[in-house]
Amino acid sequence: MNLASQSGEAGAGQLLFANFNQDITSLAVGSKSGYKFFSLSSVDKLEQIYECKMGPHCVAQAGVEFPASSSPPTLASQSAGITADTEDVCIVERLFSSSLVAIVSLKAPRKLKVCHFKKGTEICNYSYSNTILAVKLNRQRLIVCLEESLYIHNIRDMKVLHTIRETPPNPAGLCALSINNDNCYLAYPGSATIGEVQVFDTINLRAANMIPAHDSPLAALAFDASGTKLATASEKGTVIRVFSIPEGQKLFEFRRGVKRCVSICSLAFSMDGMFLSASSNTETVHIFKLETVKEKPPEEPTTWTGYFGKVLMASTSYLPSQVTEMFNQGRAFATVRLPFCGHKNICSLATIQKIPRLLVGASDGYLYMYNLDPQEGGECALMKQHRLDGSLETANEILDSASHDCPLVTQTYGAATAKGTYVPSSPTRLAYTDDLGAVGGACLEDEASALRLDEDSEHPPMILRTD
């Protein structure tokens with residue numbers, strides 16, 4: 001997510017971008033000085049995997065910097081491509097846990113660079129007719145989103161397979177790509193005035209469906225890991241809906257609130273598809289549980305309150321449709337009280353050290369980690385917060401940070417966390433012609449054979465063409 005302000009100024013610590021990879025095992029951070037990757041395997045420590053900086057100390061692996069003068073000659077010469085245009089990194093997307101990374105810089109906002117960061121090599125680059133607003137990756141496709149067009153690349157050789165032109169104006173670069181090979185769908189706004197979602201099959205390269213999701217323009221989209229569910233939110237921000245894909249049938253409808261309209265910053269499913277989180281420009285993150293309540297056979301009430309409830313439910317058929325909908329909308333299963341409001345942020349649900357966590361990266365320069373009780377829900381406990389620049393700070397500095405607008409929440413997590421024995425349900429198994437308007441640069445790899453992203457049969461291989 002772009003963490004810069006509307007004026008283009010970076011967030012705290014010169015941050016420009018932060019995003020989680022597809023399986024929530026690492027965090028990518030772009031800044032005015034380069035980009036970094038952090039591992040999300042631990043709550044107590046945010047371990048740096050890789051750093052790329054501008055300047056003479058530009059090659060870094062496993063958090064260790066190698067001066068250009070002392071690095072191996074082959075690595076230094078190959079890494080010249082990867083470090084160019086890595087200042088002011090406004091987009092950096094990693095493909096799962098592989099070495100493949102897509103980079104866009106404010107210095108060259110129309111140019112996409114695809115790199116192998118462990119080898120320090122640039123694989124290829126493409127230039128587009130307008131500013132790149134978003135890049136999405138899975139093991140089949142790479143999507144480049146411009147304001148009024150979308151480019152679909154084959155990730156194995158970076159060939160442009162299809163271009164979706166003349167899309168409705170999409171200045172935020174809103175789009176979502178499923179990470180599943182069998183349901184490889186792309187979702188993007190179908191209108192700039194109402195909340196229509198266009199669903200596109202990126203394997204067969206054809207439109208799959210149009211979903212009339214909301215009355216107001218779209219603000220957020222997210223697929224679940226199986227690619228069979230799509231969550232949507234509008235600019236109004238009060239209702240979140242979940243649809244089946246590709247059919248477009250409404251499965252769930254959740255109400256985030258009724259008191260005020262908010263700007264939804266992000267939506268994210270848990271990997272097992274059981275939970276959906278929604279963050280906004282307020283201090284509250286809502287977590288919804290996707291479960292269908294089995295209807296019980298009606299029982300005759302035996303108390304006055306029972307009779308009153310029966311009459312109340314029966315009366316909903318005579319109420320306006322908007323009021324009736326509110327009775328049927330689900331409420332949050334759990335909530336998080338952030339120590340700030342008004343900051344851009346991105347949320348995600350992950351299982352770290354066998355416990356479900358909610359992660360929130362924000363433009364205030366912090367990554368917040370909360371525990372989620374999967375049985376009881378309720379208010380989630382803040383377990384740790386880390387600086388997104390990777391620096392360390394003491395507990396007093398965390399609690400006394402002047403950038404926080406609200407007090408930290410007290411810890412209320414139950415026995416499941418204390419024992420550390422919770423094992424989540426098994427996540428979905430992930431199977432992992434022409435230029436069409438995108439101008440590809442010369443391939444910088446001089447290996448004629450297929451390039452694998454890592455020596456350990458990392459998937460997928462990049463087939464490079466040197467003709």
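Start by selecting isoleucine 132. Setting aside neighbours within four places in sequence, isoleucine 132 is in contact (heavy atoms within 4.5 Å) with Ile91, Val104, Pro109, Arg110, Lys111, Leu112, Val144, Cys145 and Leu146.

A word on what you are viewing: this is a predicted model, in which local features need pLDDT of at least 70 and side-chain atom pairs count only at pLDDT 80 or more, while totals for chains, interfaces and linings use all residues. Residues are numbered from 1 along each chain as its sequence is written, and side-chain values use heavy atoms, with hydrogens and water left out.

Next, add Tyr35, Leu112, Tyr128, Val135 and Leu142 to your selection. Together with Ile132, these have the most contacts inside the largest nonpolar core, which has 38 residues. Such a core is a set of buried Ala, Val, Leu, Ile, Met, Phe, Trp, Tyr and Cys residues joined through side-chain atoms within 4.5 Å; buried means under 20% relative accessible area, exposed over 50%, and partly exposed in between (1.4 Å probe, protein chains only). Strands that each supply at least two residues include β3 (34-39), β9 (108-116) and β12 (141-145). β8 gives the most, with five residues. Strands here are DSSP runs (E, at least two residues), numbered from the N terminus.

Apart from this core lies another, of 20 residues; click on Ala334, Val360, Tyr366 and Tyr370, which are among them.

Now show the strands as a cartoon. An open sheet of five antiparallel strands has the order β7-β8-β9-β10-β32, where two strands pair if DSSP finds at least two bridges between them. β7 and β32 (439-440) are the edge strands, each pairing on one side only. Zoom in on β9 and β10, which run antiparallel and are joined by six bridges. There, valine 114 stands opposite cysteine 124 in β10.

Which cysteines are worth selecting next? Cysteine 124 is buried, at 8% relative accessible area. Cysteine 184 is buried too, at 1%. Cysteine 380, in the loop between β30 (378-379) and β31 (381-387), is buried at 2%. Its C-alpha atom is 6.1 Å from that of tyrosine 370, 10 residues away along the chain. A search of the whole structure finds zero disulfides, a disulfide being a pair of cysteine sulfur atoms within 2.5 Å.

Last stop: arginine 256, in the loop between β22 (250-255) and β23 (264-269). What is the nearest side chain of opposite charge to arginine 256? Glutamate 283, 8.3 Å away; arginine 256 is buried yet has no salt bridge (a side-chain nitrogen of Lys or Arg within 4 Å of a carboxyl oxygen of Asp or Glu). Its contacts beyond four places in sequence include Thr238, Ile264, His286 and Phe288.

How values were computed. Helix = DSSP H or I, 4+ residues; strand = E, 2+ residues; numbered from the N terminus. Lys, Arg positive; Asp, Glu negative; His and termini not counted.
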